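This briefing is written for a first-year student who would like to read a protein model topic by topic. Please keep the sequence and the picture in view while going through the points.

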Amino acid sequence: MPPPDPLPLVTRAPVIPVLTVDRVADAVPLARALVAGGLPVLEVTLRTPAALEAIAAIAAAMPQAIVGAGTVTEPKDVAEAVEAGARFLVSPGTPAELAAAMADAPVPCLPGCATVAEAMALAARGFSVLKFFPAEASGGVRWLKAVAAPLPALRFCPTGGIDGGNAADYLALPNVAAVGGSWVAPRDALAAGDFARITELARQAAALGR
Ligand code: 3PG
């Protein structure tokens, strides 16, 4: 059986906020601010000790949000994130063992790639939507345009170096399902508890359309 299709989830909004949460107490107010701005699909990176608890808190408090785990780098992260309540998984790159674990995951996955060969290996495993990371550093819009003809079945979620200034260029491409980025939840705004600013950034991002 092919892995669960992430496309319905990924296309709920043009932008998937990439969140790094240091304090569990910030998780739900942050999610509320982003959902209020029109971004219901949220990626919490597994980069902090608080990440799994943050995912669990958002999943419990906010059924209207779709919370997933990002920076999945090891096979064990797959089970831990799903157990915490992650409804999708994202990796920055996808070595073979991680690809195997993601292929068996019960939730949709966006495995990361940065080259055509990596994209082809993931397509061969049945993945149809891939994270393209680090997007700007790996060729950005030009890369995505160039691979559209040889890889017609694949859609991408580019992430890395994307912000309000260039997101629309990515979203204009037919093989881009959504973009990911941390710009909608700046760490200084989070540290200051400035959730109104985060809602406003989310509103602008949601208005980018596709
Ligand atoms: C990621 O984990 O996908 C990236 O770190 C997000 O990249 P950005 O901070 O450049 O948006």
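How many of the five residues of strand β2 (residues 41-45) are buried? In this predicted model, five of the five are buried, so strand β2 is largely enclosed by the rest of the structure. The points below begin with this strand and its neighbours, and then turn to a helix, the nonpolar cores, some backbone details and the salt bridges.

**Strand β2 and its neighbours**

- Both faces of β2 are covered, since V41, E43 and T45 on one side are buried, and L42 and V44 on the other side are buried as well.
- This two-sided pattern can be read with a general rule in mind, namely that in a regular strand the side chains alternate between the two faces of the sheet.
- Strand β1 (residues 15-19) pairs with β2 in the parallel sense over two bridges, and V18 has E43 as its bridge partner in β2.
- Between these two strands the chain passes through α2, and the β-α-β crossover that leads from β1 to β2 is right-handed.
- Strand β2 is also joined to β3 by five bridges, with the two strands running parallel, and here L42 stands opposite V67 in β3.
- From β2 the chain goes on through α3 to β3, in a β-α-β crossover that is again right-handed.

**Strands β7 and β8**

- Strand β7 (residues 129-132) and strand β8 (residues 155-158) pair over four bridges in the parallel sense, and L130 is found opposite F156 of β8.
- Together with helix α7 (residues 140-147), the strands β7 and β8 make a right-handed β-α-β unit.
- In the loop between β7 and α7 lies P134, which is joined to F133 by a cis peptide bond with an omega of about -10 degrees.

**Helix α4 and the residues beside it**

- The buried residues of α4 are D77, V78, A81 and A84.
- Seen down the axis of α4, these buried residues fall within an arc of 140 degrees, so they line one face of the helix.
- On the other side of α4, by contrast, A79 and E83 are exposed.
- The cover over the buried residues of α4 includes α3 (51-61), β3, β4 (89-90) and α5 (96-103).
- Ahead of this helix, in the loop between β3 (66-70) and α4 (75-84), lies T71, whose phi is near 55 degrees, a positive value in a residue other than glycine.
- T71 is buried, because its relative accessible area is 16% and the cut-off for a buried residue is under 20%.
- Just after α4, G85 takes a positive phi as well, of about 120 degrees.

**Nonpolar cores**

- As a general background, nonpolar side chains in soluble globular proteins tend to be buried together.
- The largest nonpolar core here has 64 residues, and those with the most contacts inside it are V44, L89, F156 and V179.
- Helix α2 (residues 24-36) gives the largest share of this core, with six residues.
- Another core, of twelve residues, lies apart from the largest one, and among its members are V90, V129, C157 and A178.
- If residues up to four places away in sequence are not counted, V179 touches P14, V15, I16, C157, P158, I162, A167, Y170 and L171.

**Salt bridges**

- The structure holds five salt bridges, and a general idea helps in reading them, which is that side chains of opposite charge can pair when their charged atoms come close.
- D22 forms one of them with R187, where the closest N and O atoms are 2.5 Å apart.
- This pair links distant parts of the chain, as D22 is in the loop between β1 and α2 while R187 is in helix α9 (residues 187-192), 165 residues apart.
- R187 is partly exposed, with a relative accessible area of 49%.
- K76 and D77 meet through their side chains in another salt bridge, at 3.4 Å from N to O; K76 is partly exposed, at a relative accessible area of 45%, whereas D77 is buried, at 8%.
- The side chains of R197 and D188 also meet in a salt bridge, at 3.5 Å from N to O, and R197 is partly exposed, with a relative accessible area of 36%.

Note on methods: Residues are numbered from 1 along each chain as its sequence is written. This is a predicted model: local features need pLDDT of at least 70, side-chain atom pairs count only at pLDDT 80 or more; totals for chains, interfaces and linings use all residues. Side-chain values use heavy atoms; hydrogens and water are left out. Two strands pair if DSSP finds at least two bridges between them. A crossover is right-handed if, with the strands pointing away from the viewer, the path from the first strand over the helix to the second runs clockwise. Buried means under 20% relative accessible area, exposed over 50%, partly exposed in between (1.4 Å probe, protein chains only). A nonpolar core is a set of buried Ala, Val, Leu, Ile, Met, Phe, Trp, Tyr and Cys residues joined through side-chain atoms within 4.5 Å. Contact means heavy atoms within 4.5 Å. The arc is that of the directions from the helix axis to the C-beta atoms. A salt bridge is a side-chain nitrogen of Lys or Arg within 4 Å of a carboxyl oxygen of Asp or Glu.
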